[in-house]
Structure formats: structure tokens, C-alpha cells
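User: I am new to this structure and would like a short tour. Please show it to me before we begin.

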Amino acid sequence: LLPRKTKNPQFDISFDYTSDTMHSSFDDLSAWLKKQELPESVIFKVRGIAEELMSNITRHSENKHKNAYVDVRLVLTDEAVTFSITDDGTPFNPIENKDKGYGLMIANGAASSINYKYQFGQNMTTVIVEK
């Protein structure tokens, strides 16, 4: 990931398209969230949304892009947890496809907002969960 300076706490991680590295990265994200002393309801929402989006990326791209990566960045503010997930897999809009599975339906309902764009050969999803 490109380094970014911010006064707010942030978490950055990159992983390749395998289930093992996705689960390890998700465990790191979960541990970081717990250290931030966020309300359990916010941690639950962020974890659920991130897990759904991250697992969809690895599930649909794992066999197609052996040397590809996913970047995840979370930033905390007083009002919200904002996170972005960027990958160079097959174009997949989690907003337009929210009716194709319970996980995406739940993720879209739990987020305060989800924005998606496909640009420069990358899926770029930004999620906001208000505290």
C-alpha cells in the first residue's frame, strides 16, 4: 500500500488471493479492531462486512490471479470506521450484486454506506460504518 499520513488510527494490510492469507489477514484486522476499544456492535459490523468482501474477492479470484493482491485500509475517526478494499480481480460490484447472496445483503444493510467503482483495472470498494 502507498503510505498515508493521518492523525487518526489506521490499519493497512495487503495479501495475496488465497484463503489462508485472507484468513490470517482477517485475524490481524480483528485483533487491531479490538485494541481500538470500539463498541462491540461496531466491531461486529466492520468484521462482518470486511469478511464478506474479502472472502468474495478470494473465492472468485483465487484460481484466476495467482500473483494478485488485495489491499485493505481502515481509518478511525470520532464518527466512523472507514475502510477501503482494493483488488485487481474480476470486476464485481457488491452493491449491484447484493441480492445474489445473504452475505452481501447483510453487509450492505450493516454499512452506513458502501461505494464501489472499477477503475484502472481495480475493484475499489469503500465502506463507512458509523459509530
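Analyst: The exchange below goes through the sheet, the core and a few single residues.

User: What kind of model is this, and how are the residues numbered?

Analyst: This is a predicted model, in which local features need pLDDT of at least 70, side-chain atom pairs count only at pLDDT 80 or more, and totals for chains, interfaces and linings use all residues. Residues are numbered from 1 along each chain as its sequence is written, and side-chain values use heavy atoms, with hydrogens and water left out.

User: In what order do the strands of the sheet come?

Analyst: The order is S1-S2-S3-S5-S4, an open sheet of 5 strands with antiparallel pairing. Strands here are DSSP runs of E with at least two residues, helices are runs of H or I with at least four residues, and both are numbered from the N terminus. Two strands pair if DSSP finds at least two bridges between them.

User: Which strands stand at the edges?

Analyst: Strand S1 (10-16) and strand S4 (113-119) do. Each has a single partner strand, so one side of each is left without a neighbour in the sheet. On average, neighbouring strands of this sheet are turned by 10° against each other, direction ignored. For such angles, axes are lines fitted to C-alpha atoms, for helices over the stretch in contact; angles between N-to-C directions run from 0 to 180 degrees.

User: How many bridges hold S1 and S2 together?

Analyst: S1 and S2 pair over 7 bridges in the antiparallel sense. Within that pairing, Phe 15 stands opposite Val 70 in S2, and Ile 13 has Val 72 as its bridge partner. Helix H1 (residues 19-35) packs on the sheet and touches S1 and S2, where contact means heavy atoms within 4.5 Å. The direction of H1 makes about 170° with that of S1.

User: And how does S2 connect to S3?

Analyst: A hairpin joins S2 to S3 through 3 residues. The two strands run antiparallel, with 7 bridges between S2 (residues 69-76) and S3. Val 70 stands opposite Asp 87 in S3, and Asp 71 is opposite Thr 86.

User: What lies on the other side of Thr 86, in S5?

Analyst: Thr 86 stands opposite Met 124 in S5. S3 and S5 (residues 122-130) are antiparallel and share 8 bridges.

User: Why is S3 described as largely enclosed?

Analyst: In S3 (residues 80-87), 6 of the 8 residues are buried, so the strand is largely enclosed by the rest of the structure. Buried means under 20% relative accessible area, exposed means over 50%, and partly exposed is in between, with a 1.4 Å probe and protein chains only. S2 is also largely enclosed, because 6 of its 8 residues are buried.

User: Which residues have the most contacts inside the largest nonpolar core?

Analyst: They are Val 72, Leu 74 and Phe 83, in a core of 32 residues. At least two residues each come from S1, H1, helix H2 (40-61), S2, S3, H3 and S5. H2 gives the most, with 8 residues. A nonpolar core is a set of buried Ala, Val, Leu, Ile, Met, Phe, Trp, Tyr and Cys residues joined through side-chain atoms within 4.5 Å.

User: Changing topic, how many salt bridges are there?

Analyst: The count is 1 salt bridge, meaning a side-chain nitrogen of Lys or Arg within 4 Å of a carboxyl oxygen of Asp or Glu. The side chains of Asp 12 and Arg 73 form it, at 2.6 Å from N to O. Asp 12 is in strand S1 and Arg 73 in strand S2, 61 residues apart.

User: Are those two buried or exposed?

Analyst: Arg 73 counts as buried at 8% relative accessibility, whereas Asp 12 counts as partly exposed at 31%.

User: Where does Asn 93 lie, and what does its side chain reach?

Analyst: Asn 93 lies in the loop between S3 and helix H3 (102-110). Its relative accessibility is 13%, so Asn 93 counts as buried. The side chain of Asn 93 reaches the backbone nitrogen of Ile 95 at 2.8 Å.

Notes:
Polar contact = N/O pair within 3.5 Å; in protein donor to acceptor, adjacent residues only side chain to side chain.
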